[in-house]
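Trainee: I would like to learn how to read burial, contacts and helix geometry in a model like this one. Please take me through it feature by feature.

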Amino acid sequence: MTDAFPADLLPQGLTPEVLLLVLLAALAAGWIDAVVGGGGLLQLPALLLVPGMSPVQALATNKLASIFGTTTSAVTYYRRVHPDLRTALPMAAVALVCSFAGASVAAALPASVFKPIIVIALIAIATFTLLRPSLGEVTALRHGGRRHHGVAGAVGAGIGFYDGILGPGTGSFLVFAMVSLLGYDFLNASAKAKIVNVATNAGALIFFVPYGAVFWGLGLVLGAANMLGGYLGSRTATARGSRFIRIVFLVVVTALIGRVGSDVWTENLRPLLG
């Protein structure tokens with residue numbers, strides 16, 4: 001492994017004002033992630049505001065903080081919703097391996113390569129969800145037996161790889177896939193998505209920690225804020241149910257379209273237009 005990025009406690013350019021900003025972003029990100037995913041929409045861009053922090057260091061530190069929030073919300077969901085682990089755990093195992101693979105690619109390829117595809121996918125997801133108002137209201141599994149687990153494994157593999165290589169919106173992609181491809185309601189989909197999301201964060205960290213890209217002090221502080229947000233968000237979601245999660249899902253996906261779409265304009269389209 002390379003020593004290109006020194007593992008340290010805090011970035012040298014971190015100021016109290018920027019620290020407060022990223023703490024608030026981590027708290028809000030934990031809440032959003034717990035309800036429907038997409039907390040990286042806030043947390044990762046906030047980390048990129050820290051002076052001197054490279055994109056790989058921001059992605060790695062974001063994974064460390066996020067794993068605390070996703071673990072907290074996964075435990076809370078499990079206690080209150082009791083999701084079926086026979087689907088979630090094998091899916092999480094596949095996602096962990098593929099997230100590691102994605103993280104290894106993230107160290108070599110610019111995120112701008114993938115962002116146009118992500119914007120198109122998000123627009124399709126938002127449109128499909130809007131046109132199907134009954135989608136995710138109740139659990140009605142699309143498949144049974146081996147086919148169910150095969151589709152779940154494919155979802156875990158694809159989204160796990162994406163989370164390792166880029167990340168923002170992973171939870172939203174997981175929830176949508178479980179609702180549309182597997183047939184879960186939004187509440188059960190969110191509960192299973194958190195278990196898989198813990199694995200994708202862990203898979204990326206297995207790569208990033210030896211790579212030396214994690215700022216441990218900052219990541220642990222943000223992790224505490226993420227845990228609080230995750231706990232509050234998962235309790236809100238289980239109390240309010242699938243209809244509430246669907247609304248938050250659409251809001252987050254719309255925000256993701258705006259955020260990633262802005263990056264596509266800046267990194268891909270504006271240079272072509274001169």
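**Reading the model together**

Mentor: Let's start with Arg 243, which is found in helix H10. Helices here are DSSP runs of H or I with at least four residues, strands are E runs of at least two, and both are numbered from the N terminus. Keep in mind that this is a predicted model: local features need pLDDT of at least 70, side-chain atom pairs count only at pLDDT 80 or more, and totals for chains, interfaces and linings use all residues. Residues are numbered from 1 along each chain as its sequence is written, and side-chain values use heavy atoms, with hydrogens and water left out.

Trainee: Is Arg 243 buried or exposed?

Mentor: Relative accessible area decides: under 20% is buried, over 50% is exposed, and partly exposed lies in between, with a 1.4 Å probe and protein chains only. Arg 243 has 61%, so it counts as exposed. Its C-alpha is 21 Å from that of Asp 84, a residue 159 places away along the chain.

Trainee: How far does helix H5 reach from its first C-alpha to its last?

Mentor: The expected span is 1.5 Å times one less than the number of residues. H5 covers residues 115-131, 17 in number, and reaches 24 Å, close to the 24 Å expected.

Trainee: Which residues of H5 are buried?

Mentor: They are Lys 115, Ile 118, Val 119, Leu 122, Ile 125, Ala 126 and Thr 129. Looking down the axis, these buried residues fall within an arc of 125 degrees, so they line one face of H5. That arc is taken from the directions between the helix axis and the C-beta atoms. On the face turned away from the buried side, H5 carries the exposed residues Ile 117, Ile 120 and Leu 131.

Trainee: What covers the buried residues of H5?

Mentor: Contact means heavy atoms within 4.5 Å. The cover includes helices H6 (145-165), H7 (170-182), H8 (186-211) and H10 (242-273). Thr 129 makes a good case: this H5 residue is buried at 0% relative accessibility. Leaving aside neighbours within four places in sequence, Thr 129 is in contact with Leu 135, Phe 176, Phe 186, Arg 246, Phe 249 and Leu 250.

Trainee: Which residues touch the most other members of the largest nonpolar core?

Mentor: Such a core is a set of buried Ala, Val, Leu, Ile, Met, Phe, Trp, Tyr and Cys residues joined through side-chain atoms within 4.5 Å. The largest one here has 81 residues, and Val 36, Val 175, Phe 208, Leu 218, Ile 245 and Phe 249 touch the most other members. H8 gives the most to this core, with 13 residues. Follow Phe 249 outward and, beyond four places in sequence, you find Val 36, Ile 125, Thr 129, Ser 172, Val 175, Phe 176 and Phe 186 in touch with it.

Trainee: Which residues does Ala 204 contact?

Mentor: Ala 204 sits in H8 and is buried at 0% relative accessibility. Setting aside neighbours within four places, Ala 204 contacts Lys 63, Ser 99, Phe 100, Ala 103 and Gly 164. Ala 204 and Leu 64 are 140 residues apart in sequence, yet their C-alpha atoms are 9.2 Å apart. Ala 189 is also found in H8 and is buried at 0%; beyond four places in sequence, Ala 189 touches Val 175, Met 178, Val 179 and Tyr 184.

Trainee: With which side chain does His 148 make a polar contact?

Mentor: A polar contact is a pair of N or O atoms within 3.5 Å; within protein, one must be able to donate a hydrogen and the other to accept it, and residues adjacent in sequence count only if both atoms are side-chain atoms. The side chain of His 148 pairs with that of Tyr 184 at 3.2 Å. His 148 is in H6 and counts as buried at 5% relative accessibility.

Trainee: What is the phi of His 82?

Mentor: Most residues other than glycine have a negative phi. His 82 has a positive value, near 55 degrees. His 82 lies in the loop between H3 (55-81) and H4 (85-106) and is exposed at 55% relative accessible area.

Trainee: Which residues does UniProt list for "transmembrane region"?

Mentor: The unreviewed entry lists 20-44, 88-107, 113-131, 151-184, 204-232 and 244-262. UniProt positions follow the numbering used here, feature names are shortened, and annotations may be inferred rather than shown by experiment. In the model, residues 151-184 are 82% helix and 0% strand, with end C-alpha atoms 13 Å apart. Residues 204-232 are 86% helix and 0% strand, with their end C-alpha atoms 25 Å apart.
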